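Subject: Structure for your review

Dear colleague,

Please find below the structure that I am handing over to you. I would be grateful if you could look through it before reading my notes.

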Amino acid sequence: MSYNESVNLLRGARPGTFLIRFSQSSPCALALVVVLGADEVQQFLIEARAAGGFKLGTITTGLLFDLSRLSVEMVEVMVEVALARVAAASTRRRRRARGAA
């Protein structure tokens with residue numbers, strides 16, 4: 001799903017509504033697309049950290065987003081689930097690549 005498709009899907013949604021999708025520009029990363037206001041949607045890159053956990057920043061500025069406007073616990077759970085899926089998909093790709101070699 002592209003950024004534009006995400007914005008179209010979220011059009012008219014209440015502030016705080018969000019979706020998490022695979023990033024098209026950064027492999028093994030996710031994008032959090034959040035409705036901030038009536039005509040304001042912002043996208044944030046979610047990247048796994050080597051030491052564990054994740055980094056959440058804006059794609060264009062790298063500034064951290066204040067999650068106080070969202071349900072932090074909900075975002076954390078969604079991010080953890082999505083990152084686990086990314087890690088599992090990456091592991092499957094590596095296994096397939098080894099099998100094809």
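The notes that follow describe what was found, beginning with the overall picture and ending with single residues.

Overall picture

Please bear in mind that this is a predicted model. The protein has two helices and four strands, and along the sequence these elements come in the order α-β-β-β-β-α. Of its 101 residues, 35% are buried. The accessible surface amounts to about 6,700 Å², and carbon and sulfur atoms account for 54% of that area. Among contacts with a separation of 6 or more, 26% are between residues 24 or more positions apart.

Confidence

The average pLDDT of the protein is 75, and 75% of the residues score at least 70. Confidence is highest in α1, at 92, and lowest in strand β4 (residues 54-58), where the mean is 68. Over residues 59-70 the pLDDT stays under 50, and for this stretch the model has 17 contacts beyond four places in sequence. Where pLDDT is low, the predicted coordinates should not be read in detail.

Strands β1, β2 and β3

Strand β1 (residues 18-22) runs antiparallel to β2, and five bridges join the two. One pair can be named here: Ile20 has Leu32 of β2 as its bridge partner. On β2 and β3, the pairing is again antiparallel, with seven bridges. These two strands form a hairpin, and two residues lie between them. Leu30 is paired with Ile46 of β3, and Leu32 has Phe44 of β3 as its bridge partner. Leu32 therefore has a named partner in the pairing of β1 with β2 as well as one in β3. As for cover, eight of the eight residues of β2 are buried.

The nonpolar core

Which residues make up the largest nonpolar core? There are 11 of them: Phe18, Leu30, Leu32, Val34, Leu36, Phe44, Ile46, Leu56, Val79, Ala82 and Leu83. At least two residues of this core come from each of β2 (30-37), β3 (40-48) and α2 (72-100). Strand β2 gives the largest share, four residues. In soluble globular proteins, nonpolar side chains tend to be buried together.

One member of the core, Leu56, is placed in strand β4. Leu56 counts as buried because its relative accessibility is 9%, which is under the 20% cut-off. Leu56 and Phe44 are 12 residues apart along the chain, and their C-alpha atoms are separated by 6.5 Å.

Helix α1

Which residues of α1 are buried? They are Ser6, Val7 and Leu10. These residues lie on the same side of α1, because the arc they cover around the axis is only 100°. An α-helix has 3.6 residues a turn, so residues three or four places apart point the same way. Asn4 and Leu9, on the other side of α1, are exposed. The cover over the buried residues of α1 includes β1, β2 and β3.

Ser6 belongs to this helix, which spans residues 3-10. Ser6 is counted as buried because its relative accessible area is 0%. Beyond its neighbours within four places in sequence, Ser6 is in contact with Met1, Leu19, Arg21 and Val33.

After the helix

Gly12 follows α1 and has a positive phi, near 85°. Further along, Thr17 is found in the loop between α1 and β1. Is Thr17 buried or partly exposed? Thr17 is partly exposed, because its relative accessibility is 27%, which falls between the cut-offs of 20% and 50%.

Not counting residues up to four places away in sequence, Thr17 touches Leu10, Val33, Val34 and Val35. Thr17 and Leu36 are 19 residues apart in sequence, with a C-alpha to C-alpha distance of 8.1 Å.

Yours sincerely,

A colleague

Conventions
Residues are numbered from 1 along each chain as its sequence is written. This is a predicted model: local features need pLDDT of at least 70, side-chain atom pairs count only at pLDDT 80 or more; totals for chains, interfaces and linings use all residues. Side-chain values use heavy atoms; hydrogens and water are left out. Buried means under 20% relative accessible area, exposed over 50%, partly exposed in between (1.4 Å probe, protein chains only). Contact means heavy atoms within 4.5 Å. Accessible areas come from the Shrake-Rupley method with a 1.4 Å probe; for residues, only the protein chains shown count as cover. A nonpolar core is a set of buried Ala, Val, Leu, Ile, Met, Phe, Trp, Tyr and Cys residues joined through side-chain atoms within 4.5 Å. pLDDT is the predictor's confidence in each residue, from 0 to 100. Two strands pair if DSSP finds at least two bridges between them. The arc is that of the directions from the helix axis to the C-beta atoms.
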